[in-house]
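Visitor: Hey, could you walk me through this one? I'd like to get a feel for how the pieces fit together.

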Amino acid sequence: MAVKILSVDDELDLELLLTQFFRRKIRKGEYEFHFAHNGLEALTMLLKEKDFDIILSDINMPEMDGLSLLTKINEMQNPALKCIMVSAYGDMGNIRQAMNNGAFDFATKPIDLDDLSLTIEKAIEQINYIKVMQHEHDQLESIKSDLAVAREIQQAILPRIFPPFPENSHQLDIAALMNAAKDVGGDFYDFFRIDKERIGFVIADVSGKGVSAAIFMAVCRTLIRATGIKGVKPSDCISYSNRLLVEESVKCMFVTAFYGIYNIVTGEVTCTNAGHNPPYLVKADGTVCKLPLRNNIAAGIFEDFQFAEDSFLLEHGDTLLLYTDGVTEAINSQFVEYGEERLEALLRKNPKADCQQMIDTVKADVDAFAGDEEQSDDITLFAIKRL
């Protein structure tokens with residue numbers, strides 16, 4: 001597109017001079033000149049047509065001088081609009097004031113048109129740079145808006161109503177939290193009813209961060225939920241999900257996951273741990289232990305891996321706490337990790353806390369430990385208690 005230049009000068013012969021000197025660029029469509037004869041006329045044109053690139057303005061004009069026009073142009077707050085001020089050679093006071101007020105450059109009369117041509121080219125370089133920056137800024141704002149929507153969608157697909165099973169509120173307590181380190185995260189938790197006696201639950205941590213991890217997270221959650229809700233064994237659920245993830249794997253992404261089935265009546269938990277942090281069992285008497293589970297690799301790595309299964313019993317008053325490594329690997333200003341020992345000590349202090357209190361306490365303690373350090377990884381917590 002042609003560079004649109006507005007010449008503002010009460011000397012009519014300047015119009016002929018400019019059109020004659022820049023005739024080749026005008027014919028090629030590189031420059032497009034418009035003319036006004038005082039600041040007021042120029043301001044009217046600027047308000048009507050907002051796509052001017054360069055203002056070439058005399059300082060001394062009737063009705064509205066160039067300095068007043070420059071003030072009005074500054075009020076438009078258009079950084080891509082450049083003003084080149086023109087005045088007599090000896091009028092350095094006004095020229096200096098114009099430069100201090102934001103003019104891009106100046107020329108003196110009689111105008112050296114070769115020098116003016118170089119000044120215009122220099123202004124065009126600045127204008128093009130600013131327009132590129134403005135375009136990139138608009139793109140970033142659009143991405144930021146999209147990420148905000150994505151964050152809302154991601155949070156919406158996670159269960160958020162607690163207690164989730166009112167009809168069993170006298171038998172079990174459940175609470176969960178997912179706090180992404182970026183706009184969207186790769187952690188997730190989920191739980192769902194399989195039948196009257198069994199509840200499926202899962203916590204997982206996808207490799208990587210950001211948008212790619214969030215998309216992979218949604219795929220993993222859907223696979224595990226759609227398979228687990230059929231009531232298959234945890235080992236079969238993870239094995240089936242693993243095969244599909246390997247088949248559709250992009251950039252070798254994988255997920256660590258703990259999937260369990262809790263029997264509300266008996267308190268029995270059958271589970272498969274696919275490379276995830278072993279959960280903590282907080283006993284009613286205050287004893288805290290990390291569950292000794294068989295080792296499995298993360299899901300999404302080897303298609304034919306046979307995942308092992310474990311089982312244990314939740315006694316009345318026992319709480320099972322699951323977490324992602326964003327909890328234990330949170331660091332403070334001295335680059336010290338929060339660690340498992342701090343987590344275990346905290347859990348021993350209040351074994352009779354309900355699930356929401358336990359999660360809130362852990363999250364608050366991690367935040368206090370990290371202080372002003374930026375959260376480096378997603379933090380997800382899930383607790384289930386037999387009442």
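Guide: Let's chat about the sheet, then about a pair of helices.

Guide: This is a predicted model, where local features need pLDDT of at least 70, side-chain atom pairs count only at pLDDT 80 or more, and totals for chains, interfaces and linings use all residues. Residues are numbered from 1 along each chain as its sequence is written, and side-chain values use heavy atoms, with hydrogens and water left out.

Visitor: Cool. What order do the strands of the open sheet come in?

Guide: The order is β2-β1-β3-β4-β5, with parallel pairing. Strands are DSSP runs of E, at least two residues, and helices are runs of H or I, at least four, numbered from the N terminus. Two strands pair if DSSP finds at least two bridges between them.

Visitor: Which strands are at the edge?

Guide: β2 (31–36) and β5 (105–109), each pairing on one side only.

Visitor: And how many bridges do β4 and β5 pair over?

Guide: 5 bridges, with β4 covering residues 82–88. For example, Ala88 has Lys109 in β5 as its bridge partner.

Visitor: New topic: at what angle do α10 and α11 pack?

Guide: About 140°, with the axes of α10 (residues 339–349) and α11 (residues 355–370) 11 Å apart. Axes are lines fitted to C-alpha atoms, for helices over the stretch in contact, and angles run from 0 to 180 degrees between N-to-C directions. So α10 is oblique to α11; under 35 degrees counts as roughly parallel, over 145 as roughly antiparallel, 65 to 115 as roughly perpendicular and the rest as oblique.

Visitor: Which residues meet there?

Guide: In α10, Arg342, Leu343, Leu346 and Leu347 meet Met358, Thr361, Val362, Asp365 and Phe369 in α11, where contact means heavy atoms within 4.5 Å.
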